[in-house]
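Biologist: I am new to this structure and would like to learn how to read its features. Could you take me through them one at a time?

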Amino acid sequence: MRIIVGADEAGVDYKDRILADLQADSRITEVIDIGVHRDDEDFSRPYPYVGIAAGEMIRDGKADRAILFCGTGIGVAIAANKVPGIRATAAHDSFSVERSILSNDCQVLTMGQRVVGVELARRLAKEWIGYAFDPSSGSAAKVKVLSDFEGC
């Protein structure tokens, strides 16, 4: 699995921690860090740029999934969802993380650094990458409605 990690300045600490976890995970073939980075000139780049960039990379086939952070996880989810074909959600509990894949085939998980503790965020990220959407499941027809609406 090729996975993107990204954050704005409000989520960069968690992004860097999850990045290290993903780099050590044998299920991950490539981790793409789209920033922000504390040493970058654009460290204060607003969250919409991060969410849209991740969504576009997935849409363009450069990655399979993304885990994004901001203060709440809401802004980067909204931004990623602006890219046609992208299903992004903020989730801060195990059940929602599971259902984001099994029911909704989300390609993007977002979390808020100001909302959830770092150890829970690490656990949720680890769980999330372990789930796979079943295209023969009862949820597939519902996801298809969304794709058809967007023309993707």
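The dialogue below turns first to the nonpolar cores and then to two features of the backbone.

Modeller: Please keep in mind throughout that this is a predicted model.

Biologist: Which residues have the most contacts inside the largest nonpolar core?

Modeller: As a general idea, nonpolar side chains in soluble globular proteins tend to be buried together. Here the largest nonpolar core has 24 residues, and those with the most contacts inside it are Ile3, Leu22, Ile67, Phe69, Met111, Trp128 and Ile129. At least two residues of this core come from each of several elements, including strand 1 (2–7), helix 1 (12–23) and strand 3 (65–70), while helix 5 gives the most, with 5 residues.

Biologist: What does Phe69 touch, leaving aside residues up to four places away in sequence?

Modeller: With those neighbours left out, Phe69 touches a set of residues, among them Tyr14, Ile18, Val76, Met111 and Ala121. Val76 also belongs to a second, separate core of 17 residues, which includes Ile32, Ile34 and Ala88 as well.

Biologist: Where is there a cis peptide bond?

Modeller: The cis peptide bond joins Gly35 and Val36, with omega at about 5 degrees, and Val36 is found in the loop between strand 2 (30–33) and helix 2 (47–59).

Biologist: What is the sign of phi at Asp105, a residue other than glycine?

Modeller: Phi of Asp105 is positive, near 50 degrees, and Asp105 has its place in the loop between helix 4 and strand 5. With a relative accessible area of 23%, Asp105 counts as partly exposed, because the term buried is kept for values under 20% and exposed for values over 50%.

Methods
Residues numbered from 1 in each chain as written. Predicted model: local features only at pLDDT ≥ 70, side-chain atom pairs only at ≥ 80, totals over all residues. Heavy atoms only, no water. Core = buried A, V, L, I, M, F, W, Y, C linked by side-chain atoms within 4.5 Å. Buried < 20%, exposed > 50% of the residue type's maximum accessible area, 1.4 Å probe, protein only. Helix = DSSP H or I, 4+ residues; strand = E, 2+ residues; numbered from the N terminus. Contact = heavy atoms within 4.5 Å.
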